[in-house]
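The following note sets out numbered comments on the structure shown below. It begins with the cysteines and then turns to packing, strands and helices.

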Amino acid sequence: MKPMKKAAVVLLALVLAVFLAGCNYPELYERVLIHGIGVDWDGQAYQVTVRSSSSAEDEGEELFTCHGSTVLEALSSLSLSTGREPFYSHNYLVVFGMNCARRGLDDCLDFFVRYYNTRPSVSMFLAENTAEEVLSAEKDGKLMKMSQLQALGVGGRYNGKALDIELLDFVNAAKSEGAAPVLPVLAASEEGAEAVSTAYFQGYKVKGILSLDQTRGYLAAMGQLEKGELVVESSAGTVTLSLRDGESRIRLLPNGIEAGDVPEFAIEIQLDADVSAISGRRQDSENFYSELEEAAAQLVREQTESVLAQAMREDRCDVFDLSGLLYRKRTGFWREHGENWQGLMPQCPCRVEVGVKVRRLEEENLRGLD
């Protein structure tokens, strides 16, 4: 190596040594590893509840409460009671109290999106009452783990009655012109915590609540209903159907809206199901499966139409993002009428069509022979 190159390498090494020595990054034991954050508004300031551990391997979690005029100020004060620096990259979720949602989540969310050390891809929930109750929930005499709380949203893939929403998804939906974001709602219970409903928003303020059955109608319309059970009545008695492989399509119908007519939409849902249990007589009718398919389709249709009636027509919240479809398909119409979408939306007909295919017993037997 030439002398000049050697000198350059030595100089670079010295510079890096000085630079790295000056970084002064805290050791892991000097940090509070945050696993969950709950934000409440008490009428004058933010109360932030934090679940944390002292190390990545520590299974035991601590509970802290801090206050401030902003979320960041409250979290920064955490070092006063712990003597350690808050560290957010291990965070699982964020829960907002209902008072925050009534006041508006925009001020609360800014920290989670903007601050350099946070992850905007964490799971996001709304508390039926306070976030402190949810993060303080105990299961088997111990604080419910944050990973278990996070799984309550993912559990919707199996029960068909809960949503899995990330913080960044909510922010993007809230900023989207015309659309209404949604959040799963958690409540403390004897078993720790559970998903009890779904909230929908107008901008960043909560506007209404959907029941668990309405949530299933919402998921079906959005093509996100993967599994779950439907209980229907038939001539054979009470039948439990296990849903699988749901699909949906939301269409803007061609009705000449350029001429001044209001847009018309159609929500088309197709579900497959299996018979899981029959309480009563065994099937002895040729129409047994067709009865089940008709009853199941009617039930899902009613649940979806209930969401339309409440959210879209009564509260004027576009939970199905019909405005986005209208913008893509009829851009000129949207540019002319988009500012009045909340007034126009309740007038727009939206037809719900549901088809359910129940696998026949002979199909199940043949499948078992394959």
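1. In this predicted model, the sulfur of Cys100 has its closest cysteine sulfur in Cys108, at 4.1 Å, which is too far for a bond. A disulfide would require the two sulfur atoms to be within 2.5 Å. Cys100 itself has a relative accessible area of 1% and is therefore buried. Cys350 gives a second case: the closest cysteine sulfur to its own is that of Cys348, 8.8 Å away and so too far for a bond. Cys350 also counts as buried, at 11% relative accessibility. The structure as a whole holds zero disulfides.

2. Cys100 is one of the residues in contact with Leu105, once neighbours within four places in sequence are set aside. The other contacts of Leu105 on that basis are Phe96, Met124, Phe170, Leu183, Phe201 and Tyr204. Leu105 also stands out in the largest nonpolar core, which has 87 residues: together with Phe96 and Leu126, Leu105 touches the most other members. The element that gives the most to this core is helix α11 (residues 288-314), with ten residues. A further core of 14 residues lies apart from it and includes Leu93, Leu135, Met146 and Leu152. As background, nonpolar side chains in soluble globular proteins tend to be buried together.

3. Two residues named above meet across a pair of strands: the bridge partner of Phe96 in β6 is Leu126. Strand β5 (residues 93-96) pairs with strand β6 (residues 123-127) in the parallel sense, over four bridges. Leu93 and Val95 point to one side of β5, while Val94 and Phe96 point to the other, and all are buried. In general, side chains of a regular strand alternate between the two faces of the sheet.

4. How many residues of strand β2 (residues 46-53) are buried? Eight of its eight residues are. Tyr46, Val48, Val50 and Ser52 are directed one way from β2, and Gln47, Thr49, Arg51 and Ser53 the other way. The buried set of β2 thus includes Arg51 and Gln47 as well as Val48 and Val50. Strand β2 runs antiparallel to strand β3 (residues 62-68), and seven bridges join them. Within this pair, Ser52 is placed opposite Glu62 of β3.

5. An open sheet is formed by four strands in the order β12-β13-β14-β15, with mixed pairing. Because β12 (227-234) and β15 (350-358) stand at the edges with a single partner strand each, one side of each has no neighbour in the sheet. Neighbouring strands here are turned against each other by 35 degrees on average, direction ignored. β13 and β14 run antiparallel and are joined by 14 bridges. Ile250 stands opposite Ile267 in β14.

6. Two helices that pack on this sheet deserve comment. Helix α10 (residues 212-221) touches β12, β13 and β14, and its direction makes about 50 degrees with that of β13. Helix α11 touches β12, β13, β14 and β15, with a direction about 150 degrees from that of β15.

7. Is Arg216, a residue of helix α10, buried or exposed? Its relative accessibility is 4%, so Arg216 counts as buried. Not counting residues up to four places away in sequence, Arg216 touches Gly160, Lys161, Leu225, Glu229, Leu230, Leu243 and Gln303.

8. Helix α12 (residues 322-329) has Leu322, Ser323, Gly324, Leu325 and Leu326 as its buried residues. The cover over these residues includes strands β13 (237-253) and β14 (264-279), along with the helices α11, α13 (331-337) and α14 (341-344). Both of these strands belong to the open sheet discussed in point 5.

9. Some totals for the chain complete the note. The chain has 15 helices and 15 strands. Of its 370 residues, 45% count as buried. The exposed area is about 18,900 Å², of which carbon and sulfur atoms supply 48%. Among contacts between residues at least 6 apart in sequence, 67% join residues at least 24 apart.

Notes:
Residues are numbered from 1 along each chain as its sequence is written. This is a predicted model: local features need pLDDT of at least 70, side-chain atom pairs count only at pLDDT 80 or more; totals for chains, interfaces and linings use all residues. Side-chain values use heavy atoms; hydrogens and water are left out. A nonpolar core is a set of buried Ala, Val, Leu, Ile, Met, Phe, Trp, Tyr and Cys residues joined through side-chain atoms within 4.5 Å. Buried means under 20% relative accessible area, exposed over 50%, partly exposed in between (1.4 Å probe, protein chains only). Contact means heavy atoms within 4.5 Å. Accessible areas come from the Shrake-Rupley method with a 1.4 Å probe; for residues, only the protein chains shown count as cover. Two strands pair if DSSP finds at least two bridges between them. Axes are lines fitted to C-alpha atoms, for helices over the stretch in contact, and angles run from 0 to 180 degrees between N-to-C directions.
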